[in-house]
Amino acid sequence: MLRYIIRRLLAIPLLVFGVVTICFFLAHNIKGDPLSSLLSFRQLGNPEIVAATKARWGLDKSLPEQYFIYIKNLLAGDFGTSFRTRRPVLEDIADRLPATLELAIVSLVIGSLAGIFLGMLAAYYRNQLIDDGARLFALIGSSMPVFWSGLILLFIFSVKLQILPGPGRLDPVTDIPPYVTGMFTIDSLLAGDIDKFLDAVRHMILPAFVMAWSMMGIISRIVRASMLDVLNQEYILTARSKGARELRVIMNHALRNVMIPTLTIIGFSFAYLITGAVLVETIFSWPGVGYYAVSSTRALDFPAIIGVTIIGATAFLVTNLVTDISYAFANPKIRLGR
Amino acid sequence: MKSLTHNHFQKTAFIIVVTLVFATVSSGIFSRQAEAAKKDVLVVARAMDINSLDPHIAFCDTCKVVIGMMYETLIKLGADNKTILPQLARNWEVSGDGMTYTFYLDEYAVFSDGSPVESKDVKFTIERWQNLKQDSSMYAKSISKVDASDPRKVVITVSSWPSELLGQLAVPYAGIINSDVARANGAVSTADAPKKDKAEAWFMKNSVGSSPYVLESYRPDEEIRLKQNPKYWGKKPAIKRIIIKHVPEPVSQAQMLESGQVDIAMQIDADTAKTIRNKNVVIKSQPSYYFNYVALVPGATNLEVPLTPKVREAIALAIDHEGMLDVTLGGAGRVQPSVIPVEFPGGGGLPMPKQNLVKARKLLAEAGHPNGFGLLAVYPDMTSFGVSFSVVMQKVQQDLRKIGIKVKLEPVTMAVLRSRTGGTIPMTILMWAADYMGSAQYVQYFAMVPGTTWYYLASGTTNDMKELTNHREAALMEKLQKASAEEAEKLYHEFAKEMINEHVIIPIGNPNLLLTYRKNVLGMRYDIITEIPFDEISKR
């Protein structure tokens, strides 16, 4: 198993390099003018200013030349400077990735636990009211556009009831905690600031719930379907016949076999959450990678686009690896690398 | 056995619900306590479009707001948005021929590090502003020489367009920077500044002005924080800290305003404003100087028929301007006859555009297209000043259909639009926000005279479409070179009439500005340059 993991880890950089190359050439061939981030519309008719800007940002060089300069800098850890934010792309991503990870992890935990619970509930009480209710709840979450559910929940809980805060990661007036991980919950705990920790948790409730709710549907459906199949197996009947408590039957015997397909979905969901949460990030003013990626794409901010692509590709590859490894733990019959 | 599991599920569900209720209720208590503690802090919601914090590179709507808070200019605009008032210069003189301006610096003015504001700083600022050749350098174009031999006096000589220098020097991009500190951090003011200047990265984290506020921190797509300058030489503002939060959606801005999370929301549109019911929120609607405009590109290469003067006039006459205001702004705006706003020099007393479908059809017939033709409209898919461009173009499409012109709509991103300005956009829609009180900016941008931006754009791939040249406008531009302020106003009025009759740039309405803020915020008003003068604001 160790050799398998090492082989997969070694392949990741090569795959990422391939993705970067494809992304670089694709981005530069999209119809659009990257100068739109660098100069206003008013200067389009000024060749002197256009030429000076292109020279300043290296856009006057040939594409292969730009590519080699980019790769050379990338190998030295320099992801370039964002056209849009005028800061190093790595710095931009370092600010945003923890925000996205923090939200994604919490959403994943809530969505996974709730999805598994609802799926188990629905399977156990199949064709009863609880089954219908659980499936309806999950289906609504998956079907509703997240920007709509986000705005509605903000309206209800933040504006009308005023029991939850509005958009943002912290109260607008609160200073951010000293940077350690970039995740405000962890950093505030490490700084011993409980008020700030609670503030960060409060601000995460709504966006995490919205994202988790959108995941619950598919997770609960997978769990329900798998559970229904597993509950009819003979070993379940055997366990019950031997006098095992029902809870033990469900948790120790049934759930473990249900987890394999569920883990696959959870793995993909996590990678998606990291790169695809742009709508939630926009509604909740959550400065994450998703919003950065879309803003950069619209502005043809090449350095930022490729920087985010590297992060996204790495996230998918690592998540796939972790998912594969967790199969082996969930089901000892699976031996990786053989 | 089944009953045990049943009870277990019930217990689990009960525990989860109780935990959630407790968490949300207890969190509500803490959030109210936080709000009460911010009397000297102002929180603003805005969709930030900051492209830089270097005052000589920045050029965006939010840039004007924040740069204006961090850097003071020699002169500033008064509350009437017209009168020029002293700021770093306590007084000034203009020579009889209007070519030499002498500014006397206030002896008490100091930068945020305590060092005095001197003429060398003004010289460095202006030269860097010119030589970096970035967007806003066009406002320093007329300056030919800056004399800083006397530390308390700056003598500026101009070579052209003399009558609007005072207005242009009030633009936030003309904010005076501490030359010693800027130089020490890579700023260069000489002709090789585009290659040698490396100060922008430093300006993204620091400010070196003399204004009441200094930059505390900036996190792109998140927030910018300004704190009071402890060494400010003038009257200290009541607000000690300003936090501008990036909130892209007007609906989210409105929600934050209603819940008290923010004190001011800067971009709530008319439709969203109607949904606000909170009695603690004030909504004031007033005329602005922004406008949106439809532009026709006679030089486009993909025209079904040439956009001759008669065809362009027919298109202009077919547009229902009053209906456009109703559809896009719910009536919260004004029809604007020309690109020069009504309150600007030369903008008043112009004929209002009126839809005239009969005349429009007649002109099309005279132009040889009695049955109309097809026309492609490529436009940025965005909302500007509360107006959705998609809605505007759909209305234009409906209006033009009445005279037989079938408009095909193609929304694109701004980056794509720019890449196609070389000649494949027959019609588009854009916006304009005034940078200062003065009409030269409109002439320099919109006049159909070689050298202006829209002459270049309207000419398509040729960039120089001779038949587009308006020789009368060219003659007016010559006269403006030596005109006094009063003469210039008349000349701008003539310009405005010419631009109306060209029918290349068709203003589509001037949206009202909505000032939306909490009731306890005092001193709110509209400033043409910085939108809201934050140093005048206080809270009850």
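The largest nonpolar core of this predicted model has 250 residues, and within that core the residues with the most contacts are B:Ile242 and B:Tyr293. The largest share of this core, 17 residues, is supplied by helix α9 (residues 194-231) of chain A. In soluble globular proteins, nonpolar side chains tend to be buried together. If residues up to four places away in sequence are left aside, B:Ile242 touches B:Leu42, B:Val44, B:Met69, B:Tyr213, B:Leu226 and B:Phe534.

From the core we can turn to the contact between the chains, to which chain B gives 53 residues and chain A gives 55 residues. On the side of chain B that touches chain A, at least two residues each come from α1 (2-36), β1 (41-46), β10 (241-246), α8 (250-259), α14 (414-419) and α16 (453-458) of chain B. Of these, α1(B) gives the most, with twelve residues. Sorted by character, the residues on this side of chain B comprise 25 nonpolar, 16 polar and twelve charged.

Chain B also holds an open sheet of four strands, in which the order is β4-β5-β7-β6 and the pairing is antiparallel. Its edges are formed by β4 (89-94) and β6 (143-147) of chain B, each of which pairs on one side only, and from one strand to the next the twist averages 20°. The edge strand β4(B) is joined by five bridges to strand β5 (residues 100-105) of chain B, the two running antiparallel; as one point of reference, B:Trp92 has B:Phe103 in β5(B) as its bridge partner. Helix α3 (residues 119-131) of chain B lies across β5, β6 and β7 (153-158) of chain B, and runs at about 155° to β6(B).

Further along chain B comes helix α18 (residues 485-502), whose length can be checked by simple reasoning: at 1.5 Å a residue, its 18 residues should span 26 Å, and because its end C-alpha atoms are 25 Å apart, the expectation and the model agree. Which residues of α18(B) are buried? They are B:Ala488, B:Leu491, B:Tyr492, B:His493, B:Phe495, B:Ala496, B:Met499 and B:Glu502. An α-helix has 3.6 residues a turn, so residues three or four places apart point the same way. The elements that cover the buried residues of α18(B) include α15 (440-446), α17 (471-480) and β20 (505-507) of chain B. After α18(B) comes B:His503, which has a positive phi, near 60°.

Key:
Residues are numbered from 1 along each chain as its sequence is written. Chains are lettered from A and ligands numbered from 1 in the order in which they are written. This is a predicted model: local features need pLDDT of at least 70, side-chain atom pairs count only at pLDDT 80 or more; totals for chains, interfaces and linings use all residues. The expected span of a helix is 1.5 Å times one less than its number of residues. A residue is buried if 20 or more other C-beta atoms lie within 10 Å of its own, exposed if 12 or fewer, and partly exposed in between; C-beta atoms are placed from the backbone. Two residues are in contact if their C-beta atoms, placed from the backbone, lie within 7 Å. Ala, Val, Leu, Ile, Met, Phe, Trp, Tyr, Cys and Pro count as nonpolar, Asp, Glu, Lys and Arg as charged, and the others, Gly among them, as polar. A nonpolar core is a set of buried Ala, Val, Leu, Ile, Met, Phe, Trp, Tyr and Cys residues joined through C-beta atoms within 7 Å. Two strands pair if DSSP finds at least two bridges between them. Axes are lines fitted to C-alpha atoms, for helices over the stretch in contact, and angles run from 0 to 180 degrees between N-to-C directions.
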